[in-house]
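Take a moment to look over the structure before reading on. The paragraphs below go through one chain, then the other, and end with a few single residues.

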Amino acid sequence: MIDLSSYGLEESIGLHVILSNVMWWISLILVIIAFRNRRIWNIGDAPWTFLFLAFFFFGIRELGHLSKEPLIGSIRYIFGIWSAIFMTTALFFIFLILCHGRRITGVIIYIPYALALIFPVIWSYLYISDPGNLKSAMGAIENITWIIGSLVTIYTAYMLGTRTTGDFVKVFMFFQFSAYLALTWKFLGLIETQGFTVSYSIREIIETLFGLFAIISMYILTRMLRKLSKQLHGTYDNKS
Amino acid sequence: MTTKAELYLLTLQELEKSAGNIMSSAIVTRDGLIMSSTSSNNIHKETFAAYGAAAFKSASKTMEELSEENINMLIFESENYRVVTLQAGEVLLIALTGKDIQMGMMLLEMKNTAQKVKGFLA
């Protein structure tokens, strides 16, 4: 039997896993810090919630790397799918608010949750009907979800980046870079399932860069909000 | 002793009282973040601030290219509305007004407000 790991083709636990975990959990902390200053960038509760859930679920997905159990691996993909859904929705809602002046209320808020609930059902169905292919099937679904999500995010981040100014341009620019990398990463994953050989290490480098750009984006947003928050909460002593 | 956020809001309220037909006004950063704004049911504040700051940035670039000078003020109007943006130090003072407002009076009040805001920032 060929030892796939010697060709860098097999999933492995290495530096990229640790790096990826550290980056996504730091990103989540940055989202929480930014959320605390949400009054300054009042885009409503829904986009903030979805942004939080996207980073949180991706963090959990990355934790799943630490186990080699196929069952854990398949559950990990559900969190990846959820992350894709919520990240896409967060950016899409911000796009609707800033580019179209829409208010996010009503049924539209529940659509991503409803969509997210479908995937555990699919997982349960596959678990009962075809447990042997559970991991690869969930992996393929995750690939497709991320590809669709990334394409939408590339568009929304582009629209947002071209309509905002200052540091917001950088925030959306890095988000767009992140989406491009997610698209490449998942596209390579998808073609691999179709029989093309793609080095696992290349995919992991792309995934790590995806996390890196996401963290840069969140860092810029958090820095911007914290800076203004400090300015606004300072007191003014009129000595004249 | 008051916080700067409270001062900004008071300044905007004073501006709206003295200038008349102002539908919405805001103090925003160059990034398009709201420092303070008066309430308006018809306009989404974040959109107002983001577009206001972006428009000023574009106009600023145009002015620099054409005259090699910095922009101080930006005014644009539609059939019924007018948007006036004034630089107040590091931030922008933006007002959406009706077309029937007395422009001279309005500009004077806005300049005074911009001076006050500049003072608070220092």
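A residue is called buried when its relative accessible area is under 20%, exposed when that area is over 50%, and partly exposed in between. Keep those cut-offs in mind. Keep in mind, too, that this is a predicted model.

Start with chain A. How many of its 240 residues, as a percentage, are buried? The share is 50%. Now look at the secondary structure. Chain A has seven helices and one strand. Their order is easy to follow from the N terminus: α-α-α-α-α-α-α-β. The radius of gyration is 19 Å, close to the 18 Å that the globule rule gives for 240 residues, so chain A is as compact as a globular protein of that length. Along the principal axes, its C-alpha trace spans about 85 × 40 × 30 Å.

Next, ask which parts of chain A touch. Take the contacts between residues with a separation of 6 or more. In 80% of these, the two residues are 24 or more positions apart. Then turn to the surface. Chain A exposes about 11,800 Å², and carbon and sulfur atoms supply 67% of that area. Its charges are 18 positive and 13 negative. The mean positions of these two sets are 16 Å apart.

One residue of chain A deserves a stop. A:G149 sits in helix α5, which covers residues 134-163. Is A:G149 buried or exposed? Its relative accessibility is 6%. That is under the 20% cut-off, so A:G149 counts as buried. Compare its place with that of A:G44. The two are 105 residues apart in sequence, and their C-alpha atoms are 21 Å apart in space.

Move on to chain B. Here there are three helices and six strands. Read along the sequence, the pattern is β-α-β-β-α-β-β-β-α. The radius of gyration of chain B is 14 Å, close to the 14 Å that the globule rule gives for 122 residues, so this chain is as compact as a globular protein of that length. Its C-alpha atoms fill a box of roughly 45 × 35 × 25 Å, taken along the principal axes.

Go through the same points for chain B. Buried residues make up 51% of its 122 residues. Of the contacts between residues at least 6 apart in sequence, 48% join residues at least 24 apart. The chain exposes about 6,300 Å², with 50% supplied by carbon and sulfur atoms. It has 11 positive and 14 negative side chains. The centres of those two sets lie 3 Å apart.

Now find strand β6 of chain B, residues 91-98. Why is it described as largely enclosed by the rest of the structure? Eight of its eight residues are buried, so the rest of the structure largely encloses it. Look at the directions of its residues. B:V91, B:L93, B:A95 and B:T97 point one way from β6(B). B:L92, B:I94, B:L96 and B:G98 point the other way. All of them are buried.

Which strands join β6(B)? One is β2(B), residues 22-29, which runs antiparallel to β6(B) and is joined to it by seven bridges. Within this pairing, B:I22 has B:T97 as its bridge partner. Another is β5(B), residues 81-88, also antiparallel, with eight bridges to β6(B). Here B:Q87 stands opposite B:L92. β5(B) and β6(B) form a hairpin, with two residues between them. In the turn, B:G89 has a positive phi of about 70°.

A positive phi turns up again elsewhere in chain B. Most residues other than glycine have a negative phi. B:E68 is not glycine, yet its phi is near 55°, a positive value. Find B:E68 in the loop between α2 (45-67) and β4 (73-77) of chain B. Its relative accessibility is 73%, so B:E68 counts as exposed.

Finish with B:S37. This residue lies in strand β3 of chain B, residues 34-37. At 13% relative accessibility, B:S37 counts as buried. What is it in contact with, leaving aside neighbours within four places in sequence? The partners of B:S37 are B:L9, B:L12, B:S25, B:A26 and B:K45.

Notes. Residues numbered from 1 in each chain as written. Chains lettered and ligands numbered in written order. Heavy atoms only, no water. Helix = DSSP H or I, 4+ residues; strand = E, 2+ residues; numbered from the N terminus. Rg over C-alpha atoms; globule rule 2.2 N^0.38 Å. Buried < 20%, exposed > 50% of the residue type's maximum accessible area, 1.4 Å probe, protein only. Contact = heavy atoms within 4.5 Å. Areas by Shrake-Rupley, 256 points an atom, 1.4 Å probe, with all protein chains shown as cover. Lys, Arg positive; Asp, Glu negative; His and termini not counted. Charge placed at Lys NZ, Arg CZ, Asp CG, Glu CD. Pairing = 2+ DSSP bridges.
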